Amino acid sequence: MLDNFEPVVRFLAHYQGDEYVKGWAELWDKGDCLDWDKGFPNPALEDTLIQRRSTIGDPIVEDAEGNQYRRKALVPGCGRGVDVLLLASFGYDAYGLEYSHSAVETCKKEESETGGRYPIRNPSFGRGSVTFVQGDFFDDAWLDTLGLQRYAFDLVYDHSFFCALDPSLRPRWALRQTQLLVSNGHLVCLEYPRHRDPSEMGPPWTASSEDYWKHLTQPGEDVFNSKGSPNGNGLVRVAHWQPDRTHENGKDPNGNIQDRVAIWCRRDTARKTFCKDC
């Protein structure tokens with residue numbers, strides 16, 4: 001069993017470039033325990049869904065014709081799916097994406113065994129559906145499997161996916177996020193691990209607030225302009241704060257929270273009243 005980061009780092013070192021995600025699939029297929037899987041959602045996500053509802057909106061909204069529909073939330077690299085189950089309990093139709101078939105089966109088992117532990121958070125919204133799908137985040141095949149097209153998700157949540165990817169994939173990660181969000185959608189990033197030594201090999205790879213900023217304001221780019229010069233596809237950070245609660249691995253040795261939460265949206269959305277914190 002893999003019980004710390006070092007064996008994971010050594011194992012994934014054999015997978016380079018586009019093969020990197022296949023390395024993660026191999027870990028799942030081997031059945032090894034990944035240290036950062038805490039078995040329950042990060043409380044910072046729960047607090048965000050409650051405290052920042054005015055920013056990200058309700059899970060049920062009306063279209064232009066006045067018809068109500070349930071909004072879609074996606075968790076790429078969802079692990080065993082606990083964040084997906086939490087989002088569904090808040091009323092979203094929640095989707096979890098994993099590259100490995102073994103991981104998807106683990107998610108389904110988690111839902112059957114623990115789904116009842118996630119009470120409905122608001123009776124007005126009820127519980128949304130839960131869907132787990134196997135696929136490559138960077139490819140559209142899993143969208144086809146779901147019967148969806150690009151720009152399908154109202155909320156995307158990233159916690160330990162950004163830091164799990166080889167840093168060479170970060171430009172593609174950021175560009176892909178812009179291809180998944182609806183026009184008025186929001187990306188919620190739990191920035192972790194900000195306090196890891198940048199000289200240490202990952203995963204998890206150090207993920208500073210500046211790393212998120214430069215990639216999401218200039219998605220797809222390998223060379224970055226200054227903060228004041230985002231490209232045309234860039235997202236806007238509309239909220240950024242230190243959470244009151246997070247997993248223990250998001251704290252330094254003195255118990256100080258190092259994680260941050262950021263909410264991102266498109267530039268045109270940031271100018272609208274829908275995003276009330278903008």
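Q: Given that two strands pair if DSSP finds at least two bridges between them, how many bridges join β6 to β7?
A: Five bridges join them, and the two strands run parallel; strands here are DSSP runs of E with at least two residues, helices are runs of H or I with at least four, and both are numbered from the N terminus. One bridge matches Asp-158 with Cys-189, the latter in β7.

Q: Before I go on, what sort of model is this?
A: This is a predicted model, in which local features need pLDDT of at least 70 and side-chain atom pairs count only at pLDDT 80 or more, while totals for chains, interfaces and linings use all residues. Residues are numbered from 1 along each chain as its sequence is written, and side-chain values use heavy atoms, with hydrogens and water left out.

Q: And what is the mean pLDDT?
A: The mean is 87, with 82% of the residues reaching 70 or more, on a scale from 0 to 100 that gives the predictor's confidence in each residue. Over residues 273-278 the value is below 50, although that stretch still has 21 contacts in the model beyond near neighbours in sequence, a contact being heavy atoms within 4.5 Å.

Q: Back to the sheet, then: what is the strand order?
A: The sheet is open and has seven strands, ordered β5-β4-β3-β6-β7-β9-β8, with mixed pairing. At the edges are β5 and β8 (235-241), each of which pairs on one side only, and the twist from one strand to the next averages 20 degrees. That angle and those for helices come from lines fitted to C-alpha atoms, for helices over the stretch in contact, and run from 0 to 180 degrees between N-to-C directions.

Q: Which strands does α5 touch?
A: Helix α5 packs on the sheet against β3 (72-76), β4 (93-98), β5 and β6, and its direction makes about 170 degrees with that of β4. Helix α8 also packs on the sheet, touching β3, β6, β7, β8 and β9 (260-266), at about 140 degrees to the direction of β7.

Q: I'm curious about Ser-89; is it buried or exposed?
A: Ser-89 counts as buried because its relative accessibility is 0%; buried means under 20% relative accessible area, exposed over 50%, and partly exposed in between, using a 1.4 Å probe and protein chains only. Ser-89 belongs to helix α5 (residues 82-89), and apart from neighbours within four places in sequence, its contacts are Tyr-118, Pro-119, Ile-120, Arg-121, Gly-126 and Arg-127.

Q: Switching topic, how many salt bridges does the count come to?
A: The count comes to 15, where a salt bridge is a side-chain nitrogen of Lys or Arg within 4 Å of a carboxyl oxygen of Asp or Glu. One of them joins Arg-176 to Asp-140, with the closest N and O atoms 2.8 Å apart.

Q: Where do those two residues sit?
A: Arg-176 is in helix α8 (residues 170-180) and Asp-140 in the loop between β5 (130-134) and α7 (141-146), so the pair links distant parts of the chain, 36 residues apart. Arg-176 is buried at 2% relative accessibility, whereas Asp-140, at 26%, is partly exposed.

Q: What about Arg-196, which residue does it bridge to?
A: Arg-196 forms a salt bridge with Glu-200, the closest N and O atoms being 3.4 Å apart. Elsewhere, salt bridges with shared partners join Glu-46, Asp-47, Arg-121 and Arg-245 into one network.

Q: How many aromatic pairs turn up?
A: A search of the whole structure finds eight; rings of Phe, Tyr and Trp (its six-membered ring) pair if their centres lie within 6.5 Å, with planes under 30 degrees apart counted as stacked, over 60 as edge-to-face and the rest as tilted. Phe-137 and Phe-138 are an edge-to-face pair, 5.2 Å centre to centre and with 75 degrees between the planes, and both residues are buried.

Q: Why is the Trp-142 and Phe-153 pair stacked?
A: Their ring centres are 6.1 Å apart and their planes are at 25 degrees, so the pair is stacked. Trp-142 lies in helix α7 and Phe-153 in strand β6, so the pair ties together parts eleven residues apart in sequence. With Tyr-95, these two form one aromatic cluster.

Q: Last one: where is the cis peptide bond?
A: A cis bond joins Tyr-192 and Pro-193, with omega about -5 degrees, and Pro-193 lies in the loop between β7 (181-191) and α9 (209-217).

Terms used. Pairing = 2+ DSSP bridges.
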